[in-house]
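Here are a few notes from a friendly colleague, set out point by point. Please have the model open beside you as you read.

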Amino acid sequence: MSLFNGLEEAARPNLGQEMHDFAASLFPICRSITGKGIRETLARIETRIPLDAYDVPSGTKVFDWTVPKEWNIRDAYIADVGGRRVVDFQKCNLHVLNYSVPIDERMPLDRLKAHLFTLPEYPDWIPYRTSYYKEDWGFCLAHRQMTQLKDGEYQVRIDSTLEDGCLTYGECFLPGRSGDEILISCHACHPSLANDNLSGVTVATFLAKHLAGHDLRYSYRFLFIPGTIGAITWLARNRETAGRIRHGLVLTCIGDAGGFHYKKSRRGNAEIDRAAAHVLRHCGEPAKVLEFSPYGYDERQYCSPGFNLPVGCLMRSVWGSFPEYHTSADNLDFIKPSSLANSLRVCATILDVLENNQSYQNTLPYGEPQLGRRGLYGSEAGGEEIMARLWVLNLSDGQHSLLDIADQSGIVFSRIHAAAELLCQKGLLSVAGEDRVKTKMQDAARHKTNSQNQ
Ligand code: ZN
């Protein structure tokens with residue numbers, strides 16, 4: 001089975017545009033770590049893939065944290081004395097400090113300014129700011145706009161609620177032949193930001209939809225969660241499930257035009273780390289592998305020392321390294337249909353490696369088997385195809401996995417895997433576990449024969 005081949009079929013010319021359209025449909029929703037915005041987002045994801053939403057009440061203890069009150073917002077604005085809205089939440093939801101407590105007051109510009117956030121270095125962009133764990137209120141706006149505000153009184157209104165409610169997250173579980181799981185996690189808690197948040201949500205949604213049509217070795221668990229508190233909440237409620245995670249990826253900032261970055265898991269040499277590095281080396285786009293650090297997205301939680309799960313983070317441009325990060329410039333123009341489609345392809349290829357990576361045993365390990373006689377050495381095969389067969393035969397001693405062989409030979413995994421399947425069909429290779437039993441029996445038989453000959 002090759003997920004990659006399946007994806008090639010699915011890679012119709014408008015796939016990237018379909019993905020972009022899906023991100024665009026989620027873009028206007030005012031999301032936060034709790035509230036109606038994330039629930040509406042999950043409801044839209046559920047129109048494409050099977051999804052279970054879980055509500056965790058405010059006040060629930062989750063490890064060292066507490067599920068916060070639920071935040072919802074209907075409207076917000078700053079109006080001048082004439083009643084004209086000079087800053088309007090209805091035009092852009094980034095205008096409100098996310099998690100702002102309600103306010104309805106008249107105040108002079110001087111007092112208001114203490115609650116205004118701008119980016120002087122990018123005077124036309126609106127910053128994205130939050131205050132989840134400290135009760136506050138504020139507005140974010142373009143620096144140019146703030147400098148144009150005239151002295152005088154302003155009516156400031158934020159029609160929000162911060163009350164006991166729930167934290168909601170979504171889970172899509174796809175059962176495979178094994179109870180061992182692959183975790184795909186993305187945050188879905190940012191309002192109108194495209195690369196940071198919606199690109200991950202979109203790639204994860206399309207990836208789940210793609211996988212749902214396949215016979216899978218692993219079971220897959222896709223999480224659509226609020227950042228940090230969502231991952232901590234999920235881990236606190238799923239300690240047992242977490243133990244079944246064999247490989248995992250956090251997807252974030254994966255729709256822009258930049259090259260790929262893969263941040264290794266805390267373990268540093270987990271199979272997911274090697275599979276991601278291998279696929280990126282062969283993906284045809286610029287790509288870098290980064291060492292683990294305890295900062296970034298929810299890999300921080302999955303890789304906390306108590307769990308130490310083999311979960312890495314796949315990105316294009318690294319969060320915080322591009323000026324559009326956490327601003328209104330991280331919009332639908334910043335993410336590209338072709339980037340989204342290629343990110344989906346890279347993710348499916350990494351999963352394809354994990355699905356098919358195993359060790360084999362050469363059934364004729366004494367000298368090279370005669371390939372020509374079996375039609376495996378002819379000119380109809382390319383040079384690299386023959387090299388792939390030779391590498392697989394030579395290194396299939398039960399100790400080397402196909403990924404080991406792909407890395408050592410420099411040949412892409414899909415070609416090494418195809419060679420292994422062909423050699424299995426020809427009887428020259430068998431799955432290592434099965435063969436180990438067979439080899440032991442052969443060895444025992446040989447030993448017996450040798451003893452008899454002595
Ligand atoms: Zn962010």
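How many residue pairs are in polar contact between domain 1 and domain 2?

1. There are eight such pairs between domain 1 and domain 2, with both residues at pLDDT 80 or more; a polar contact is a pair of N or O atoms within 3.5 Å, where one must be able to donate a hydrogen and the other to accept it, and residues adjacent in sequence count only if both atoms are side-chain atoms. Salt bridges between domain 1 and domain 2 number zero (Lys or Arg side-chain nitrogen within 4 Å of an Asp or Glu carboxyl oxygen).

2. A word on the basis: this is a predicted model, where local features need pLDDT of at least 70, side-chain atom pairs count only at pLDDT 80 or more, and totals for chains, interfaces and linings use all residues. Residues are numbered from 1 along each chain as its sequence is written, and side-chain values use heavy atoms, leaving out hydrogens and water.

3. On contacts (heavy atoms within 4.5 Å), 24 residues of domain 1 meet 16 residues of domain 2. The domain 1 side that touches domain 2 has 12 nonpolar, nine polar and three charged residues, with Gly counted as polar and Cys as nonpolar.

4. Now the zinc ion: its protein donors (N, O and S atoms within 2.8 Å of the metal, or 3.2 Å for Na, K and Ca) are His190 (NE2), Asp196 (OD) and His326 (NE2), at 2.0 to 2.1 Å. Their spacing along the chain is H-x5-D-x129-H.
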